[in-house]
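Trainee: Hi! Could you walk me through this one? I'd like to understand how its parts fit together.

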Amino acid sequence: MPGDQISNNIRGGSESPYLFRYQRVDLGDPERSEKRLRSVLIDSQLYFSTPIQLNDPFDSKITFDYKASEDKKKIKLKELYRARYPDAPAYEVNKKVREVIKQKKHLHMDSFGDQNAYNEKFGICCFTKKNNNILMWSHYADSHKGICYIFNHKKNDMFWGSAHEIKYRNKYPFFKYYYFNTEEVIVDILLTKYIDWKYEEEWRLVAFPKQINQAKQPGLIPFDSTSLLGVILGAKISDKDKNLVFKVNEERKKPVQIYQARTILEKYQIAIEEVK
């Protein structure tokens, strides 16, 4: 079976309706390991990280160009201040705007908090179009000892509707501070990475604060259980972890198909086969 497909019906690739998510199984504690598996296979929940939890120090960082006319600054600063303090009286808003312009400062810290605090309000869940990438199995699935989930992201629902393809760039992104739309800019920032990461063919789900079940920070968010189609076992998965995956999967109302990854003799390739 070719390494770029799971079966004749479930293939990877840019045109595929499927997304893959690599994950470690062994967390060093049997209870934690099983709990993590159950959260996906049984409870149909995925963990959304904050941007500052990601492995790229440049990920989701924001840079602004502050050049603008004074009139444009006044309009935008009032908008930002009212968004932050909706009950503030007009005289207070105008006073704050005059102070900011006079001191040649910006409402960046007021409108976003510090950037780390602001980033903590958003959730990110990462996927890929590749199910057979040797590096990704190494980096994200415990050196091929973990697993890879198979999802159908073409499900017509609000959860998968927020799935977006990452844009890879050579140049660091920056935005004109007084001309930006907050939500559009944030999405653009969360979906931009340096071009060296292009091999990952990453897609992301982005959860805004209002989508995170009224919680103050990201975490587990439920998905439609029918969008999970299968689990690929890593080429070096232990019998213990393999049996745990089978055990938890059998507890599902409708168990998903299990696949096994294996290395191909005399080639730098991974084949993926159905477990009968």
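Trainee: What covers the buried residues of α1?

Mentor: The cover includes β1 (18-23), β2 (45-47), β5, β12 and α8, judged by contact, meaning heavy atoms within 4.5 Å. Helices (H or I, at least four residues) and strands (E, at least two) are DSSP runs, numbered from the N terminus. Before we go on, this is a predicted model: local features need pLDDT of at least 70, side-chain atom pairs count only at pLDDT 80 or more, and totals for chains, interfaces and linings use all residues. Residues are numbered from 1 along each chain as its sequence is written, and side-chain values use heavy atoms, with hydrogens and water left out.

Trainee: Which residues of α1 are buried?

Mentor: Ser33, Leu37, Ser39, Val40 and Leu41 are the buried ones in α1. Buried means under 20% relative accessible area, exposed means over 50%, and partly exposed lies in between (1.4 Å probe, protein chains only).

Trainee: And what span should α1 have?

Mentor: Its 12 residues should span 16 Å at 1.5 Å a residue, and the end C-alpha atoms of α1 are 16 Å apart, so the two agree. The expected span is 1.5 Å times one less than the number of residues.

Trainee: Leu37 was on your list. Which residues have the most contacts inside the largest nonpolar core?

Mentor: Leu37 is one of them, along with Leu46, Ile147, Tyr149 and Phe151, in a core of 29 residues. The elements giving two or more residues to this core are α1 (30-41), β4 (123-128), β5, β10 (202-207), β12 and α8. Apart from this core lies another, of 14 residues, among them Ile62, Phe64, Ala88 and Val97. A nonpolar core here is a set of buried Ala, Val, Leu, Ile, Met, Phe, Trp, Tyr and Cys residues joined through side-chain atoms within 4.5 Å.

Trainee: Why would such residues gather?

Mentor: In soluble globular proteins, nonpolar side chains tend to be buried together.

Trainee: You keep mentioning β12. Why is it largely enclosed?

Mentor: Strand β12 (residues 228-233) is largely enclosed by the rest of the structure because 5 of its 6 residues are buried.

Trainee: Which strands does β12 pair with?

Mentor: β12 pairs with strand β5 (residues 147-152) in the antiparallel sense over 5 bridges, and with strand β13 (residues 257-263) in the parallel sense over 4 bridges. Two strands pair if DSSP finds at least two bridges between them. On the β5 side, Phe151 stands opposite Leu228. On the β13 side, Val231 has Ile258 as its bridge partner, and Leu233 stands opposite Gln260.

Trainee: What do β12, α8 and β13 make together?

Mentor: With helix α8 (residues 239-250), the two strands make a right-handed β-α-β unit. Right-handed means that, with the strands pointing away from the viewer, the path from the first strand over the helix to the second runs clockwise.

Trainee: Where does the sheet go after β13?

Mentor: 5 bridges join β13 to strand β14 (residues 270-274), and these two run antiparallel. Gln260 has Glu273 in β14 as its bridge partner. The hairpin of β13 and β14 has 6 residues between the strands, and Glu266 takes a positive phi near 65° there.

Trainee: New topic: α3. Which of its residues are buried?

Mentor: In α3 (residues 90-102), the buried residues are Val93, Val97 and Val100. They cover an arc of only 65° around the axis, taken from the directions to the C-beta atoms, which puts them on the same side of α3.

Trainee: How does a helix do that?

Mentor: An α-helix has 3.6 residues a turn, so residues three or four places apart point the same way.

Trainee: What do those buried residues pack against, and which residues are on the other side?

Mentor: The buried residues of α3 pack against α2 (70-84), while Tyr91, Arg98 and Lys102 are exposed on the other side.

Trainee: Last one: how many helices and strands does the protein have?

Mentor: There are 8 helices and 14 strands, and 45% of the 276 residues count as buried.
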